[in-house]
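Colleague: I'm new to reading protein models, and I'd like some help. Could you walk me through a few features, one by one?

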Amino acid sequence: MAPQEATTASGKTAADFLASRAQLEGHDVEVVVHGALEGGAALKLSMHPQATVGEIKRRIFDLLGLPTTLQRLSFPGASAPEDDDRLSALGYPSEVRLSKLRFDDRANRQLRALALSGDAEAVAACLRTPADPSWTDDVTGLTPLHT
């Protein structure tokens with residue numbers, strides 16, 4: 001008697017699942033971004049299945065001019081993905097929610113001091129707050145980018 005092949009909850013065998021995944025990885029996937037456009041309209045992006053969250057943010061920046069530091073994307077099952085997370089690792093989500101953030105005034109003031117200290121990790125964390133790298137209160141106009 002031959003052993004019975006295990007199946008997924010949807011009835012696919014492991015071989016079927018891998019075959020469908022291999023087929024998907026050869027084609028772009030459509031990602032619908034909710035919250036990007038005024039009036040509730042959705043933004044549709046065609047992305048490579050191995051694209052990262054950061055690449056989606058850069059595409060939104062290219063289309064809408066919204067800085068990547070002011071974008072927070074959430075996916076079903078992954079409310080706070082990292083910029084280097086790939087669509088394939090997130091299960092090829094077809095929808096994403098964009099939250100538009102504002103620069104944090106307190107973080108803006110802290111950023112220059114952190115940049116001067118040379119602590120790259122603290123600067124990166126402060127930028128995710130998000131802090132504006134172009135902000136200045138200096139009479140010379142110097143920003144954290146100048147340090």
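**Reading a kinked helix, a pocket and a buried pair**

Modeller: Sure! Keep in mind that this is a predicted model. Let's start with a helix: among what covers the buried residues of helix H3 is helix H4, residues 120-127.

Colleague: Which residues of H3 are buried?

Modeller: Start with the general idea. An α-helix has 3.6 residues a turn, so residues three or four places apart point the same way. In this model, the buried residues of H3 are Ala107, Asn108 and Leu111.

Colleague: And where is the kink in H3 centred?

Modeller: On Leu111, with a bend of about 30 degrees in a helix that covers residues 105-117. Leu111 is also one of the buried residues of H3.

Colleague: What caps the N-terminal end of H3?

Modeller: Asp104 does that job: one of its side-chain oxygens sits 2.8 Å from the backbone nitrogen of Arg106. Past the other end, just after H3, look at Gly118, which has a positive phi of about 80 degrees.

Colleague: Now pockets. How do I read one?

Modeller: Rolling a probe the size of a water molecule over the atoms shows where empty space is left. Here, the largest pocket has a volume of about 380 Å³. It is lined by 16 residues, and the closest to its centre are Lys57, Arg72, Glu82, Asp83 and Arg128. H2, strand S3 (71-74) and H4 each give two or more residues to that lining.

Colleague: Which element gives the most to the lining?

Modeller: That's H2, with four residues. As for character, the lining divides into six nonpolar, four polar and six charged residues.

Colleague: Let's zoom in on Lys57. Is Lys57 buried or exposed?

Modeller: Compare the relative accessible area with the cut-off: buried means under 20%. Lys57 has 8%, so Lys57 counts as buried. You'll find Lys57 in helix H2, residues 53-64.

Colleague: What is Lys57 in contact with, leaving aside its neighbours within four places in sequence?

Modeller: Thr68, Gln71, Leu73 and Asp83. Asp83, like Lys57, is among the residues closest to the centre of the largest pocket.

Colleague: Why does Gln71 count as buried?

Modeller: Because its relative accessibility is 0%. Gln71 is in strand S3. A polar atom of the Gln71 side chain lies 3.1 Å from the backbone oxygen of Lys57. Again leaving aside neighbours within four places in sequence, the contacts of Gln71 include Ile60, Phe61 and Leu98.

Technical notes. Residues are numbered from 1 along each chain as its sequence is written. This is a predicted model: local features need pLDDT of at least 70, side-chain atom pairs count only at pLDDT 80 or more; totals for chains, interfaces and linings use all residues. Side-chain values use heavy atoms; hydrogens and water are left out. Buried means under 20% relative accessible area, exposed over 50%, partly exposed in between (1.4 Å probe, protein chains only). Contact means heavy atoms within 4.5 Å. The bend at a residue is the angle between axes fitted to the seven residues ending there and the seven starting there. A polar contact is a pair of N or O atoms within 3.5 Å; within protein, one must be able to donate a hydrogen and the other to accept it, and residues adjacent in sequence count only if both atoms are side-chain atoms. On a 1 Å grid over the protein atoms alone, a cavity is a set of points where a 1.4 Å probe fits but cannot get out, and a pocket is an open set with protein on both sides within 12 Å along at least five of seven lines; lining residues have an atom within 4 Å of a point. Grid points are joined across faces, edges and corners, and a volume is the space filled by probe spheres set on the points. Ala, Val, Leu, Ile, Met, Phe, Trp, Tyr, Cys and Pro count as nonpolar, Asp, Glu, Lys and Arg as charged, and the others, Gly among them, as polar.
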